[in-house]
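I opened the model to follow one helix, the core and the charged pairs. My entries are below.

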Amino acid sequence: HHQQQQPIVCIYGGTNRRRQQEELEAASTTGNAIVIATPGRYLDLTQTTRLIPVFSWIILDEADQLAKDGDLGPQVDQIIEATTTTTTTTTTTRLILVSATYPEKSKERFQTWVGKEHLVVQ
């Protein structure tokens, strides 16, 4: 049996926006893409292209920084809201938060993002 390879797309600022947009659009049609993104660029691409984000994995690096009050936390809230409300019944979006630290003050927001059932690896 032949297993379909999952597309992996890296989305971040400071580089060719058009190429990232094309890669994101192509990956989104598969329903099983892995998207590694900075929140700002991800929101920029999905909001300006009206792309419906149906992905099986979303990986957010520097989660401790994202959880701090400021612009990044609400951006992550938007991403999670968009992916969970547009996910079909056949596709489940998995969220991975990567962080070198797991600060006490960020735990509540982490739990809001990933739900009560989650795994912490230290």
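**Helix α1 and its surroundings**

I began with helix α1, residues 17–28: its 12 residues reach 16 Å from first C-alpha to last, close to the 16 Å expected at 1.5 Å a residue. (Expected span is 1.5 Å times one less than the number of residues; helices are DSSP runs of H or I, at least four residues, and strands are runs of E, at least two, numbered from the N terminus.)

The model is predicted: local features need pLDDT of at least 70, side-chain atom pairs count only at pLDDT 80 or more, and totals for chains, interfaces and linings use all residues. Numbering runs from 1 along each chain as its sequence is written, and side-chain values use heavy atoms, without hydrogens and water.

Next I looked up which residues of α1 are buried (under 20% relative accessible area, 1.4 Å probe, protein chains only). They are Gln 20, Gln 21, Leu 24, Ala 27 and Ser 28. They lie on the same side of α1, because their arc around the axis is only 135° (taken from the directions from the axis to the C-beta atoms). Their cover includes β1, β2 and α2.

I checked the N-terminal end too. Asn 16 caps α1 there, with a side-chain oxygen 3.0 Å from the backbone nitrogen of Arg 18.

**Salt bridges**

I found two salt bridges (a Lys or Arg side-chain nitrogen within 4 Å of an Asp or Glu carboxyl oxygen). Arg 17 pairs with Asp 44, closest N and O atoms 2.9 Å apart. This joins helix α1 to helix α2, across 27 residues. Asp 77 pairs with Arg 109 at 2.8 Å. That one joins α4 to α5, 32 residues apart.

Note on methods
Buried < 20%, exposed > 50% of the residue type's maximum accessible area, 1.4 Å probe, protein only. Contact = heavy atoms within 4.5 Å. Polar contact = N/O pair within 3.5 Å; in protein donor to acceptor, adjacent residues only side chain to side chain.
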